[in-house]
Every structure is written in C-alpha cells, then in structure tokens.
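Open the model in your viewer and keep the selection panel at hand. The stops below go from one selection to the next.

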Amino acid sequence: MKNKSLISITDFSTDEILRILEIAEEFENNPEPHLLDGKVVATLFFEPSTRTRLSFESAVNRLGGRVIGFSDPNVSSVSKGETLKDTIKIVSNYCDLIVMRHPLEGSSRYASEVANVPVINAGDGANQHPTQTLLDMYSIKKTQGRLDNINIFMVGDLKYGRTVHSLLQAMSPFNPTFHFISHPKLKMPDEYKRYLDKKGVKYYEHEQFTNIISEADIIYMTRVQRERFSDLMEYEKTKDMYVLHNYMLENAKPTMKILHPLPRVNEISQDVDSNPKAYYFDQARNGVFARQAVISTVLGLKK
Amino acid sequence: MDKSELKVTAIKDGTVIDHIPANDLFKVVRILNLENLDNQITVGVNLDSKKLGKKGIIKISDKFFEDNEINKIALLAPDANLNIIKNYEVVEKRSVQLPDMICGISRCMNPKCITNSEPMITKFEVVSKRPVALKCCYCEKITDAQHIVIE
Ligand SMILES: [Zn+2]
C-alpha cells in the first residue's frame, strides 16, 4: 500500500481495512515513538476543523514525525487566488505526506493526482472522510471483539450524514443488521438502501426510537442540523424525538456501546455520559490509533 | 432549389452523421471540434424525422473518425448513426457507443465539486448508458442526462 493515497473508504479492500485495524491495535498496545523519525507531514486545512487536525497531528507526533501546515486558509496563499494544484505541487516538495481537508468535494482526489506524495483525505466537503470510518470500525471491533454479525442502530440525520454512509458501506461485508431511526425527511437515501439490497444486508427503518434498541450492539448517533429543515417549526417539533436519554438504555445489552462522530449538540443527553455504555469520548481516542495506522501504511512503514 | 440541395448533400468520400437531436446539433459540432477542420462540412438542422421529430445531420468530406473520437457524441446523440461514404456509395453503417469513461466533455452538475472551481479537466465513469448517467471521478456525484452541460 506504499504511496497509495486514502481518499475514499472504497479505495481500500476489506483485507486492507482489516490490516489497518490490526496495525491500529498494535500502536495502541506498543507505541512506536520513532517510526516517523525524519518524516514531515503537511496538514493542509482549507477549512477549519480543530478536532480532526489535532487528532492527525497527535498521531504524527506520537510516532516521532514533524508537522507543517496551516489551519486557516485566510493566512495561506489560497486567499491570494492560487489554484489548489499549485499549492499541492509546491507543498509536495516540502513533505512526505499530505493530510488535507477542503470544503469542495473531490478536492482530495484531485490533490492525490497532482501530488508527488501520498494524500490522506481528512474530509472533502460532504463527500468522504475515510479515517472517521476506520476509527468507527476500530471502535466497533475493540468493544465487540469482532466485526461480524453486528446489530447497528443509526440515529439522526441519515440523509446528509456522510459518516453513516461510509460506515454502512465499509461494514457491509461483515453481515451486519442495520436499523435506521430518523425523521422521514432525513431518511437513509435510496442509493444506499439499493446498495444494501444488492449486498443482501438486512435493514429496517423506524421513525422513532423503538424498544427493540435492546437488540443493539452499537447505537451510532448523529447530529441533526437545524439547516436541514426549511420549516423551523418542524425542526422544533421533531428535534427531541431523536434524543437519546439514559432511561432508554435500561434494557440494553451489557456490551452495547454508543458511538457519535462528535461534535454533539443535544442528541445525546448529558445523563448518558456517565453510563459505561457511552463510548464516544473513547472513540475519539481511537481516532489517533487509526490515523497512526493509516499514516504509517501509506508511507510504507507498516505492511 | 432542389438541385442545389442535392449538390451539397452528396459527398464523394467522408462521413455522414445522421439522427442527431436538432437541439443538440451545434453541441455535437463543438464536441467533434469541427470548427477547426478545413474539410468541407454541411450541417442540416430541423429536418423531419420519424424517430426524433426534428433532427440534425452533419456531412464531412474526406473525414473518417476513430471510434474514441466519435463515440463521445453518444452523450448527446445516442441514436446517431454514421454512414461511411466512399466514391458516393455508403460502404459502412455504424451506430455510436458511449465509452466507459468520459473526459473533459461535460461539466459536473454538483456546484460544490472541485472541477467547477479549478481549471481542470472533468472525468466521469459512465454508470448508465441509457439514460445516460455519469459519476464524477472527483466528487462521486451523479450527473444525469438532463443535467449534462457541454464545456
Ligand atoms: Zn464532480
């Protein structure tokens, strides 16, 4: 996988994904603080995303690498009208790897075509954010001890939420069962339901929380953004229907875990945080291991 | 009148592209870059057609297209057919076939796609030939037949 960029989760085969998760586990158990000695990683954030940037930079630093880059396009040459191609071509000369986030969709794919070094997509608009998917899978594997036959409930904005779409695709080879809980206006798009039909994956749709969440192995919560509703009244009326409260978890499986890509607004009640089933903060920690695995793999330092 | 029409219609050697939707005729001219050819070219538009209502036709003297050159027009004119003329006779009839990849002809319909803000060539995977559906290799969104915009 050396010099192979990671732009979309579908760039990696299922075997390659499994290997990344193994490497992430190796890093969690045995930190390798000198693996990236002498390496320079550029983090180019054409739109701000502090959490994602810090996670990547932590991953590089924990492996002994150095970081250059920018977190605000207003201070970079981008604001002077330079093309993305020129920026990437130049930065390629300064580093061994580019991690980039950009508001335009497809920007990372294009960057990977013009760069002389591998590119890791840290989010291109509403399109892809593959390291999020890998850390979600790592969290599932770590908490459930397996990836196969997992019962996953996805809740919230299933229409625009790219994380649920990518996770759904990446988990499909492992015989999952999906339950989708959302407002009718934010339902899982037909495109992805057709995908599941084609793969023979079972899924069920619900318009509200049901007591069968007691069957869940994973509840994957997402944020419902006000901007998604043209009718603000409708948003106000429905927003509380998709909030997870601690009392709803009484009959949940003891091994069940709640994931959330963060940031959350109010969709997980604060009283859930102290429940051992709440896993979203540990999930963020897993992001560092998953990103260490991706970085060292695309650099050819791990096979 | 009839005589002069006949005169421009008949070509000795070359290619006749028939059954082009009338509305897309000049886009087809552009895709094939005919403006920059020195060959004799006759363009007929708004001719009656049983199949298309109004159709267009293009006749190009002394020009024989390669498959990859001509197949691009299937994007706009999937029913087009080619008559290869040699010495006033039709020696071969061919239909057009949309290729699996399309580069630099249509724009991506996604306004947030990088191809709409960088000076770069678009690239699509043809995910459906009829009706035409193009998947952008960059933003991964589908541009369907109604939204194809020729660059
Ligand atoms: Zn596009």
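The tour covers a predicted model, beginning with strands and ending with backbone details.

**Stop 1: strands of chain B**

Select residues 53-61 of chain B, strand β3. Now add β1, residues 14-21 of chain B. The two strands run antiparallel, and six bridges join them. For one pairing, label B:I20: its bridge partner in β3(B) is B:G56.

Next, add β2, residues 41-49 of chain B. How many bridges join β2 to β3(B)? Seven, and this pair also runs antiparallel. Label B:V43 and find its bridge partner in β3(B), B:I58. Then follow the chain from β2(B) into β3(B): the connection is a hairpin of three residues.

**Stop 2: an asparagine in β2**

Stay on β2 of chain B and pick B:N46, which lies in this strand. Check its backbone: phi is positive, about 60°, although the residue is not a glycine. Is B:N46 buried or exposed? B:N46 counts as exposed, because it has 12 C-beta neighbours inside 10 Å and the cut-off for exposed is 12 or fewer.

**Stop 3: where the chains touch**

Show both chains. Eleven residues of chain A are in contact with 14 residues of chain B. On the chain A side, select α3 (84-92) and α4 (107-114), the elements that give two or more residues to it. The largest share comes from α4(A), with three residues. Colour this side of chain A by residue class: three residues are nonpolar, five polar and three charged.

**Stop 4: a second asparagine**

Move to chain A and select A:N175. The residue sits in the loop between α6 (162-171) and β6 (177-181) of chain A. Phi of A:N175 is near 50°, again a positive value in a residue other than glycine. A:N175 counts as partly exposed, because its 14 C-beta neighbours inside 10 Å fall between the limits of 12 for exposed and 20 for buried.

**Stop 5: cis peptide bonds**

Which residue is joined to A:P263 by a cis peptide bond? Select A:L262; omega of this bond is about 5°. A:P263 belongs to the loop between β9 (257-259) and α9 (280-298) of chain A.

Finish in chain B. Select B:R130 and B:P131, which are joined by a cis peptide bond with omega of about -5°. Here B:P131 is in the loop between β8 (123-129) and β9 (132-136) of chain B.

Terms used: Residues are numbered from 1 along each chain as its sequence is written. Chains are lettered from A and ligands numbered from 1 in the order in which they are written. This is a predicted model: local features need pLDDT of at least 70, side-chain atom pairs count only at pLDDT 80 or more; totals for chains, interfaces and linings use all residues. Two strands pair if DSSP finds at least two bridges between them. Helices (H or I, at least four residues) and strands (E, at least two) are DSSP runs, numbered from the N terminus. Two residues are in contact if their C-beta atoms, placed from the backbone, lie within 7 Å. Ala, Val, Leu, Ile, Met, Phe, Trp, Tyr, Cys and Pro count as nonpolar, Asp, Glu, Lys and Arg as charged, and the others, Gly among them, as polar.
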